[in-house]
Amino acid sequence: MSLAEFVLLPPKKMPKKMNNFNMVIAGVGGQGLITITQIIAEAAQAEGYEIRTSELHGLSQRGGSVETHVRFGGEVYSPLVGLGEADLVLSLEMQEALKVFSYSSKNTVFLVNKKYIPFENNLPEAEVEKKINELVKGEKHLIAASEICQKELNAEVVSGIYLLGYAVFNKLIPLKPESMLKGISEIVPQKYLELNKKAFELAKKNG
Amino acid sequence: MKKILLGNEAIVQGALEAGVQFVSTYPGTPSSEIGNVFSKIAKDNGVYFEFSTNEKVALEAAIGASFSGLKSLVAMKDFGLNVCSDSLIPFCYTGAKGPTVIVAGDDPSCWSSAQSEQNSRAFAYLAHIPILEPSDPAEAKEFTKLAFDVSDRFDLPIMLRTTTRVAHQRMPVEMGQMANGKNQMAVGEFIKDKKRFVTLPPRVLEMKAELLEKIEEVRNFTEKSKENKIIGKSKAKIGIITSGVSYLYVMEALKELKLDLPVLKLAFFYPLPEERIKGFIKNLKKVLIVEELEGFLEKEINVLAREANPKLQINGKNLLSEIGELNQIKVAFAIAHVAGKGYKIPKASPDIPKRFPRFCPGCPHTFVFNAVKKAAPEGTVFGGDIGCYMLAGMPAYNLQDYLFSMGSSIGIGHGIKKMTGQKVIAFIGDSTFFHAGIPALINTVFNKSNPLIIISDNRTTAMTGHQTNPGLGRTGMGEITPEIKIEDIVAACGVKNLKVIDPINQQELESTIQDFLNKDEVSVIVARRICIIAAKKNAKENE
């Protein structure tokens, strides 16, 4: 394998003066946040945007709180989303959505996996849900992606891809489904590609 | 053609485009992916690659390759510089023969670092090593090539200093031509030259003089370098000087504040283009220095301003903390303050309980700590070391009374055991034992100390992403090599109380801990069981 052998996407025209789209992805280490981050970046590149992402690696990620940042648009400098500046918060776990709350404003859309991963001294599930409903003033989607993926695909692991599909088909991310599918094909290993595409399409079917 | 690359992948790409021939590393976040990628692609790209035992050895191997005329790169995290500094400083005296780049990853905010929040720019003063600071993956690639070029021109090793937000940032990067032919590994030649490679007095003082002269030559080069640049054409009387990832925050903040201020972006932290800086500040009323951690740049500019513009109001660490990484919000606050504009800092998150990292289900370290928890008497002192097993310091284990640098669990444990009557258990992993534990173990035997050392051998360098190490019988390029057995080393150091135990055998482990804690001589348990994640990875690869 050589770096040059990777498939390269054709460069496209840059949209003029589009406002940057800022996204924070939250979850627990091991939920596949980096894969989702990479897929969105590839999709945004396919549509000709400037892109920057930020992520963390290492021990702190092992079962701990994780967040990645994705920014794309016409003129992007910082790889980090500023406090209060997220357009979309995608959280793969309910408590983690609260953890990244400060990136949101009243205009931020929350897309949250209705999945509760407990830890020592955590808030009870009902209280977390109540807090989300209380705090999030804007549009929110609490979706049982883990449960749906487990039931319909026997694979909870693709719940993030399901949510990505949900976000695209419901226009919560200003990127085309084809671009996202292209991103999935770029990033997901061949062996798991079909499963991931299925999860993505399942979100369309479920609407 | 552009491809989205992680900062570390961009460094690999830059090194390949520059024609790197030798690469060595010891893994450490945020630099680990450099080694991980080379480990996969080195062979196909005509590059020799190795995971070395520690950063000092990694640098020395690269020095050997450089002295043999080869283009070399060595990568490490910030603390690795401390480990290799004993050889780094003389390497600047001798200079590099084959161009050599040292990549060091700092971690402001300590996202993935215990022990300290290090600002490795300080090595510029200690070692007189030129330092380049890229701000993003595109620059990481270009600056890697520039570093090789500068190293080639001036026969000096060059440091490429990244930070977490550069190393772990992704963006599209223009892909260039690889310089090497495929599968053509270079063969160097060491041509004897005592005057050049032997650092003995009185010659070493001449070498220092030559080094300082070279640095002035590099400074002349940086004065002209287009990578030290002024952004925009603003004639405003307030200016900003910045470098590295801070530059991105400055540009983002200026956009948000709708301000047009001149920005001097420095690629070289050392040596600084002093005339360029003086020219930039000459007609300013105020300047803001935007840099993470300690204000080294600000101190330099304070000195330059004395001559160029004594009335200049210099801002920096009065507005931006020396602790923790920056972001556009902190920078916008500072810029707004200097520009006399209002700026509201956004609200913080609701206070919710923190989810700490935890041991993976089935992690072999947990078997070790479960047994220790049961077997060790009240008052036992527990020494931690660098690896996943640091998590033993958190609840519910609470088995970590001190934590320092690689290998220090044994060294410090010896000191405590020797000078108190208390029982001491030092924990250390396999890769960390090879890295820096062995001299400390020899010291405990030599000086008749008797801590209990538990070497948790999980058959991988787990924390940084499962790199190989000397105990695994496989090199960084995937070649078969003799497996170095930890118990053989321990026995050879003269340790008599030695047992290899699979920690899943809890009773045997507990009774051995109890037995060994009462010995008059040092004792060692090698708790050997493969990391649960590594085992899964191996199973997948063998599928």
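In this predicted model, V89(A) is in contact with V24(A), A26(A), A97(A), V100(A), Y103(A), S104(A), T108(A) and F110(A), when its neighbours within four places in sequence are left aside. V89(A) also belongs, with L111(A), Y162(A) and V250(B), to the residues that have the most contacts inside the largest nonpolar core, a set of 169 residues. Helix α1 of chain A, residues 33–46, gives the most to this core, with nine residues. Within chain B, domain 1 (2–224) and domain 2 (229–339) both give residues to the core, so it lies between them. A second, separate core has 42 residues, among them F382(B), A392(B), L452(B) and F516(B). In soluble globular proteins, nonpolar side chains tend to be buried together.

The two chains also meet in a contact that takes 45 residues from chain A and 49 residues from chain B. On the side of chain B that touches chain A, two or more residues come from each of β1 (2–6), α1 (7–18), α2 (32–41), α7 (164–167), β8 (169–174), α10 (246–257) and α13 (328–339) of chain B. By residue class, this side of chain B comprises 27 nonpolar, 12 polar and 10 charged residues. Strand pairing links the chains as well: β2 of chain A (residues 50–54) runs antiparallel to β8(B), with two bridges between them. Within this pairing, Q169(B) of β8(B) stands opposite S54(A).

Chain B further contains an open sheet of six strands with parallel pairing, in the order β16-β15-β17-β18-β20-β19. Its edge strands, β16 (402–403) and β19 (497–501) of chain B, each pair on one side only. Strands β17 (residues 424–429) and β18 (residues 452–457) of chain B are joined in the parallel sense by five bridges, and I428(B) has I455(B) in β18(B) as its bridge partner.

The helices α15 and α18 of chain B pack on this sheet, as follows.

| Helix of chain B | Strands of chain B touched | Angle between directions |
|---|---|---|
| α15 (residues 408–419) | β15 (381–384), β16, β17 and β18 | about 170° with β17(B) |
| α18 (residues 506–516) | β18, β19 and β20 (523–528) | about 165° with β19(B) |

Strand β18 of chain B is thus touched by α15(B) and by α18(B). The edge strand β16(B) is touched by α15(B), and the edge strand β19(B) by α18(B).

Notes:
Residues are numbered from 1 along each chain as its sequence is written. Chains are lettered from A and ligands numbered from 1 in the order in which they are written. This is a predicted model: local features need pLDDT of at least 70, side-chain atom pairs count only at pLDDT 80 or more; totals for chains, interfaces and linings use all residues. Two residues are in contact if their C-beta atoms, placed from the backbone, lie within 7 Å. Helices (H or I, at least four residues) and strands (E, at least two) are DSSP runs, numbered from the N terminus. Ala, Val, Leu, Ile, Met, Phe, Trp, Tyr, Cys and Pro count as nonpolar, Asp, Glu, Lys and Arg as charged, and the others, Gly among them, as polar. Two strands pair if DSSP finds at least two bridges between them. Axes are lines fitted to C-alpha atoms, for helices over the stretch in contact, and angles run from 0 to 180 degrees between N-to-C directions. A nonpolar core is a set of buried Ala, Val, Leu, Ile, Met, Phe, Trp, Tyr and Cys residues joined through C-beta atoms within 7 Å. A residue is buried if 20 or more other C-beta atoms lie within 10 Å of its own, exposed if 12 or fewer, and partly exposed in between; C-beta atoms are placed from the backbone. Domain bounds come from an automatic or database domain assignment.
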